[in-house]
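Morning, everyone. I've got one structure to walk you through today, so let me put it up on the screen.

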Amino acid sequence: MDTQFIGEHLWPGRLGHFFVITTFVGALFSAFSYWRAAKTEKTDAYNSHSWQLLGRNGFVLHAASIIGIFFALYYVIANHLFEYHYAWEHSSLALRSKYLLSCFWEGSEGSFMLWTLWNSILGLIVMSTSKTMETRTMAIISMVQACLASMLLGFYFGPDVKVGSTPFMLLRDSMQGAPIFQSANYMNFIKDGNGLNPLLQNYWMVIHPPVLFLGFSSTLIPFAYCMAALWKGDYESFVKPTIRWSLFSGAVLGTGIMMGGAWAYESLNFGGYWAWDPVENASLVPWLIMVAGLHTLLVYKATKRSLIITFTLLLLSHVMIWYSTFLTRTGVLGKTSVHAFTGEGSALYWHLIVVLGLLVVACIAFMAARWKGLPRIKTEEATSSREFWMFIGSIVLLLSSIQISITTSIPVWSPLVKWMTGKDVAPPVDPIAHYNNIQVWVAIIIALLSATILFLKFKQSDAKTVLKRFGITGGIALLLALFIGITQEIRAWQYALLLFSCSYAIVANLYYAFVVQKGRLKQLGPSVAHLGFGMLLLGILLSSYNKQVISVNTLGVIIPFGKSDAENAKESRDNVVLFHNTAVALGDYYATYRGDSTSKSDPRTFFRVDYQRIDSATKKVEESFTLYPDAFVNPKGQEGLISSPASKHYWNKDIFTYVTSYLMPKDKGSFIDHTVKEGDTIFVGSGYLVFRGFNRDVKDPRYTPQEGDVAVTADLAYYDMKGQKGMLRPIYYIHDKYDNQITDTLQKEGIMARLEKILPEQKSALIQVKQSKPTDDYIVLKALLFPYINLVWLGVIVMVIGFLISLRNRLAN
Amino acid sequence: MKKTHIVLLVLVAAAVCIIVSKFGDFSTYETFASASKQPGKALHVIGYLEKSKAMDYDPLKDPNHFTFYAKDKSGNVNKVIFNGEKPRDIEKSEQIVMKGYIEGDAFHCTGIQMKCPSKYKKDQVVVGNAS
């Protein structure tokens, strides 16, 4: 007989699961109907229209169901229904409500749901705006949505084959056989959930994943339009909407990626905003390809050239989103990534391989079927034409993403190499230097092209004007680069070259925007986006090249950027010990650790560190400020710290600090027993305590007298060399036949006293005293200096504004 | 042949050259035995914390010095020196991926990555990167 479980709330789960199924079925139905509509479009307009209406209804049902899933899951999490595995695994009672949404993207199911949700919202927009392309784009979108929705199904075919994973799985189903679920009232024992990963309890993690997933979703629309264009054999009507959606995608995905960087910089202790980590690369590659595809599409619009490469790039961009999901969610990256992702087991692994395979086969089949009829232009483009150089730039971006993908995919292809050669290939020991040394060339070329192509015209440019503009802007850029290079001491020649390219990109795009375009908003999009790109590159160059570890005791500054001085990097020593109230030199500053603090409303521990900059000649304090790096101490039953940095922001640099180690309060010193009579003295490190006797009159907010209690304090007066400095009144009380002790602390001196026992026969007391030694009170700190990091953020913002200006102008047309 | 095709070929050729020439950056997974045959060369060793031998981290002496013993996949135990803070939860780690090189008897570690079992699920927790 089945056990009747008590205290479960089953209806949200049942409703949610119902929505999961209607989401999947709705998408399939919509795909089928739209497919029928597309097939009969030419032969039977009436029939086609009916199918189209069915397709729309199917898609609306699909979209509404996802919103249903969203609210059902939100209900489960917000009401702490821990009978659901998802709520138990990813949330807890103590979770602050602003982080409830973050639970959605801690788990794999929740992220797939978010992705499906964005896709369906974008799909609804496409449905109402794509006109003649509707049937085909929507058939493609619905098909992809069916693939995504299948990720949430959680169906079992036999005991071993599982398709998808539902967020509405019950705890007792996910851990079958655990003895606790034998009892019908098991809910009485499950009081709290596992809780959200402390790293996700951060405002960046509330906004970064939704934006990033919107970016992922945005690549679907150009993909769908390109597939639809191939399907229909119509290479005209897809151009305008695809340009708009590619601009949207470039803006949103770019923002999402750099928000991840900002999150890493603000709240993780990776020591930077970009580390060429596989997870970061996995979202960068689709963006690079999308940007390349956008540019070749612009070429196609203006000159009818580069259609094949446009299709290839825009299709590839979305396929790479799936590939990146495969890399980051299945655990293939395993030992190579610093991101804490969980492998979801072989079910998801094979599921994603099947979807990836379907997408790749579909892309190739569509291209192959139309290959002969794809319009090509026989004549050559002029070397002085804009399209020629835009094409080259796009190819460089594609090659760059191929290089990034090859290194990122080492864990994917290394088994093959091991099988062939016996060598077990691992990622580069210094991945940052590896990528930087290669990608610096891409950055140089793209920065140069980003300004140059704007001076050129489609088809044929006037050489004289172009050369004049090159001369003016190049000259100014050279001066700027020389100035920055000398003041910032950029010595490595390839980075000096990059410095010139960035300067040129900035100067030339400003020149183009204000002198050539006269600042007209209608044409500013490209130059603003390119200007932002140039600023971003310059910011990356300056902040990374001169990144300084200021918490070094020994000499030798470690910069992995461009200087692959491996020996130096191997011996990097960048932790420093800060004792309580003892100033330590960190670069130009003196840092003093002033103590830790906690509060009831926040699970974190804050460490106060005061900084002072003192003029070496006059000894005057020129500047002083306080930073509070924080950490979760012993989170989720683990030992140790999960720390978050604190930074001092200047306009031209950041001081970035975080705590790497800290002695837990319980580990500081140990209690020593003293048996004393009234008037006796107990010596402690910094002075002595005099036992003044017992006191029946207990007045302490920490103790509330109850009937039948016996309570007493031991009054201890603390003296140092200069006289009495305070009183300690540890409490001893008997409640319900058991004895209890409340320790008293003299905070300033670090003295703790406990009245352990009263010995009536000897008229004495057993008092335990400890004083934390000054050397027990310290933190280990890492401090870095990032010059001109604001240029990185400003560059990204300007670039995204450029995308949005272009998008606005193209929507207005 | 069109000009674009030539440029395309040149670009692809250049890219292939650069990518292939940088294959040398790729490291390998080794054991302590095979790593000690190439002292000073930076590589990866996968191993487990040897709990029978003591770990040592005293930030008061040197906050950038942590030593422990690890057993590699072939069962050899070696001393490991990490120039950084003691990684959180290393006692509970199931597996440790160490980046570094052999010098003398010890494996000098520049980066540690650990796989930790949490109570209910297997997590990848990563800690510590000295570089």
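I'll go from the overall picture to a sheet and then to some helices.

A quick word on the source: this is a predicted model, where local features need pLDDT of at least 70 and side-chain atom pairs count only at pLDDT 80 or more, while totals for chains, interfaces and linings use all residues. Residues are numbered from 1 along each chain as its sequence is written, and chains are lettered from A and ligands numbered from 1 in the order in which they are written.

Okay, the overall picture. The C-alpha trace of chain A spans about 110 × 85 × 55 Å along its principal axes. Its secondary structure comes to 21 helices and 24 strands; those are DSSP runs numbered from the N terminus, with H or I and at least four residues for a helix, and E and at least two for a strand. Of the 813 residues in chain A, 48% count as buried. Buried here says that 20 or more other C-beta atoms lie within 10 Å of the residue's own, exposed is 12 or fewer, partly exposed is in between, and the C-beta atoms are placed from the backbone.

The domain assignment splits out domain 1 (1-196), domain 2 (226-427) and domain 3 (670-771) in chain A. Those bounds come from an automatic or database domain assignment. Between domain 2 and domain 3 of chain A, the C-alpha centres lie 69 Å apart.

Now the sheet. It's an open one in chain A, with four strands in the order E14-E23-E22-E21 and antiparallel pairing; two strands pair if DSSP finds at least two bridges between them. Which strands stand at the edges? Those are E14 (672-677) and E21 (744-746) of chain A, each with a single partner strand, so one side of each is left without a neighbour in the sheet.

Let's follow the hairpins. E21(A) and E22(A) are joined by three bridges, and A:Asp744 has A:Ala753 in E22(A) as its bridge partner. That hairpin has four residues between the strands, and A:Gly750 takes a positive phi near 70 degrees. Next, E22 (residues 751-759) and E23 (residues 764-771) of chain A run antiparallel and share eight bridges. A:Ile751 sits opposite A:Gln771 in E23(A), and A:Leu759 is opposite A:Ser764. This hairpin has four residues between its strands too, and A:Lys763 in the turn has a positive phi of about 50 degrees.

On to the helices. H12 (residues 307-329) of chain A has 23 residues and reaches 33 Å from first C-alpha to last, close to the 33 Å expected at 1.5 Å a residue. The expected span, by the way, is 1.5 Å times one less than the number of residues. How much of H12(A) is buried? It's 20 of the 23 residues, so H12(A) is largely enclosed by the rest of the structure. After H12(A) comes A:Gly331, with a positive phi near 85 degrees.

H14 (residues 386-408) of chain A also agrees with its expected span, with end C-alpha atoms 33 Å apart. Here 20 of the 23 residues are buried, so H14(A) is largely enclosed by the rest of the structure.
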